[in-house]
Amino acid sequence: MAALTDLSPERRELFELRVERWLPDLRSALASLFDDRAAATLETRLLAMAGAAYAERPDDLHRLDQTRILRPDWFQSPHMIGYAAYCDRLAADLPDLHRRLPYLHELGVTYLHLMPLLRPRPGDSDGGYAVADYRSVRPDLGTVDDLRELASALRARGISLVLDLVLNHVAREHAWAQAARAGDPKYRDYFYVYPDRTQPDAYERTLPEVFPDFAPGNFTWDDELGGWVWTTFNSFQWDVNWTNPDVVAEYVDIVLWLANLGVEVIRLDAIAFLWKRLGTNCQNQPEVHAIAQALRAVLRMAAPAVLLKAEAIVAPDDLVQYLGQGRHHGKVSDLAYHNSLMVQIWSMLASRDVRLAAHALGQLPAVPSTTAWICYLRCHDDIGWAIDDGDAAAVGLNGFAHRAFLSDFYSGEFPGSFAEGLVFQANPATGDKRISGMAASLAGLAAAERAGDPDAVTPAVQRLLLAHAIVLGWGGIPVLWMGDEVGLPSDDAWASEPGHESDNRWLHRPRFDDDRAAAATVPGTAAQQLWSGLRHLVATRRSLAPLHAATPAQVLSPDDPGVLPVLRVHPEGELLELFNVTEHWRPWSAHRVHAVGIHHPVDALTGAAVTPDEQGRLWLAPYQAMWLVEG
Ligand code: GLC
């Protein structure tokens with residue numbers, strides 16, 4: 001391989017060893033995507049790309065690779081804390097973002113996801129998810145050099161930079177789409193283009209709509225193309241054709257480029273949608289896992305420090321596949337969003353009942369011990385009620401009715417609800433109503449603060465801290481969404497920016513609020529209680545070896561419908577977490593604590609021993625989280 005000839009024999013040998021290790025994964029992935037000839041040709045191409053990227057990899061990143069190989073579980077450590085933000089909402093631009101690093105450091109952040117910042121199309125770009133050029137940065141945010149510099153500044157502080165790779169679609173303005181529109185057949189093959197409605201109609205019969213409000217249907221007529229182009233999301237986001245080996249090679253090249261810039265985690269946006277199959281919903285097809293496997297194998301050869309993170313917001317059964325099940329075990333993404341956990345936390349808070357969550361989360365198959373969930377309470381997207389009908393039925397609920405209840409509850413329509421969200425993309429055909437809103441608004445804090453009602457502020461703060469205790473106690477990488485650490489409310493002015501009018505997800509994508517952050521240092525404010533409560537959770541989490549992501553979270557059967565029990569069994573000792581999701585005192589039987597091997601329970605969160613009452617019950621205060629360990 002030409003690229004390797006200038007390297008020292010040791011460096012060359014190291015690459016050869018990595019190829020030896022990862023080639024079988026790459027080969028089996030390509031074999032399940034392409035015929036033998038195409039797979040062999042593509043394999044040669046991808047190996048050459050990996051070799052070139054390896055040879056060009058800067059020395060500091062090469063060293064990072066070596067340290068990560070020595071500590072392959074680095075991202076599973078209880079020290080990991082993630083934070084996600086829009087660069088221009090957290091600071092002015094990339095160079096200006098450096099001034100936020102002390103703040104992130106204080107919070108204990110080790111992983112920073114900056115929302116899409118590669119050059120998007122002008123105007124509405126779906127929050128940057130319509131990329132016009134993967135090789136440049138959005139001009140008002142800075143340059144590629146600024147990005148590289150930020151990545152190394154973050155690394156120097158022990159923070160891994162996470163960036164999106166939007167790989168299901170490009171903007172209509174991307175060079176590939178422009179070439180396709182200009183009639184270049186090579187680039188027309190980069191997309192799914194149909195001359196008439198025959199094929200689109202056949203697919204539509206089983207395709208759901210992602211944005212039924214502002215982008216109904218999955219195909220868009222384009223005059224210049226003279227055809228219908230597949231557009232799962234907005235009409236300006238053209239799905240790329242992953243059955244074309246050239247497309248695979250393009251994205252491998254982009255992945256390697258991002259890796260050599262210093263990006264440490266690559267978020268595979270909307271990965272569920274990459275492969276289409278007639279007669280299906282064109283999500284979660286087996287080939288999407290083969291694609292992840294191929295990307296990972298190449299990355300492990302050239303830049304093993306870099307992780308892949310799957311963004312698949314799908315039903316529980318499909319979700320676990322993204323961390324590798326069956327033949328993909330240990331071979332696909334290292335990280336995946338725990339959408340089910342997020343949904344179940346909101347469901348428990350609304351219903352004050354843990355039985356559905358305990359059943360649904362307890363049903364999830366084991367994930368490989370080398371992976372980690374991304375655990376979160378909120379993200380930049382809406383909340384879709386991914387609750388399985390079977391799970392609901394198992395605890396005597398009707399899935400449809402429960403999902404409708406959650407939508408009504410979080411949009412504030414349900415009598416007695418504490419929440420103030422907005423409905424996103426109501427779909428009369430399916431009855432789906434997704435929800436937008438900041439955590440503080442969904443948990444009732446924003447309304448309580450506006451009303452100046454301390455009796456409502458207290459439970460709202462407790463609710464938010466409890467929810468975060470579940471997230472931080474789950475064992476993957478907990479990711480906080482900018483503003484939630486200080487209880488920032490939904491952005492009332494969300495619609496005032498051009499291009500945002502019809503997309504109320506901007507409600508929960510506010511700008512960083514310096515006043516609110518300052519309030520976090522003023523004792524007695526809700527912001528301060530949240531900030532210090534979270535920092536305490538972060539510090540406690542760090543001290544608990546059982547919160548390593550390789551230790552499974554076992555959901556036990558609930559003793560009391562208001563208390564979620566989660567057990568983690570680790571060689572250094574058991575951790576039994578109890579979460580009271582109600583505003584009332586709730587009991588838990590001491591013998592069940594003893595039964596898991598904890599004889600002198602101490603709550604790691606308070607440092608105090610927990611003693612049962614005369615009837616042998618432990619009592620949890622309203623919304624209390626207990627992390628019990630042996631004293
Ligand atoms: C992902 C993003 C979402 C975006 C969609 C299309 O789901 O999180 O914000 O709209 O992909 O790129």
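Domain bounds here come from an automatic or database domain assignment, and the structure is a predicted model.

**Exercise 1. Lay out the domains and find how far apart the centres of domain 1 and domain 3 are.**

Step 1: Start with the assignment, which gives domain 1 (1–166 + 244–337), domain 2 (175–239) and domain 3 (551–630).

Step 2: Take the centres over C-alpha atoms; for domain 1 and domain 3 they're separated by 39 Å.

**Exercise 2. Work out which residues surround the ligand and which domains they come from.**

Step 1: List everything with a heavy atom within 4 Å of the ligand. That gives you D126, Y129, H169, F211, F233, Q237, R267, D269, E311, H380, D381 and R505.

Step 2: Sort that shell by class, and you get six charged, three polar and three nonpolar residues.

Step 3: Now check the domains: domain 1 (1–166 + 244–337) and domain 2 (175–239) each supply at least three residues of the shell.

**Exercise 3. Say where the ligand sits, find polar side-chain atoms by its oxygens, and give the share of its area that the protein covers.**

Step 1: Look for the pocket; the ligand is in the largest one.

Step 2: Go through the side chains. In H169, an N or O atom is 2.9 Å from a ligand oxygen. The side chain of D269 also has an N or O atom 2.9 Å from an oxygen of the ligand. For R267, the distance from a polar side-chain atom to a ligand oxygen is 3.0 Å.

Step 3: Finish with the area: on its own the ligand has 310 Å² accessible, and the protein covers 95% of that.

**Exercise 4. Place R138 and trace polar contacts of its side chain.**

Step 1: Find R138 in the loop that runs between strand 4 (131–137) and helix 7 (144–156).

Step 2: Follow the R138 side chain to the side chain of D88, a polar contact of 2.8 Å.

Step 3: Then pick up D140, whose side chain is joined to that of R138 by a polar contact of 2.9 Å.

How values were computed. Residues numbered from 1 in each chain as written. Predicted model: local features only at pLDDT ≥ 70, side-chain atom pairs only at ≥ 80, totals over all residues. Heavy atoms only, no water. Near = heavy atom within 4 Å. Polar contact = N/O pair within 3.5 Å; in protein donor to acceptor, adjacent residues only side chain to side chain. Areas by Shrake-Rupley, 256 points an atom, 1.4 Å probe, with all protein chains shown as cover. 1 Å grid on protein atoms, 1.4 Å probe; cavity = no way out; pocket = protein on both sides within 12 Å on 5 of 7 lines; lining within 4 Å. Sits in = over half its atoms within 2 Å of the grid points. Nonpolar A, V, L, I, M, F, W, Y, C, P; charged D, E, K, R; others polar. Helix = DSSP H or I, 4+ residues; strand = E, 2+ residues; numbered from the N terminus.
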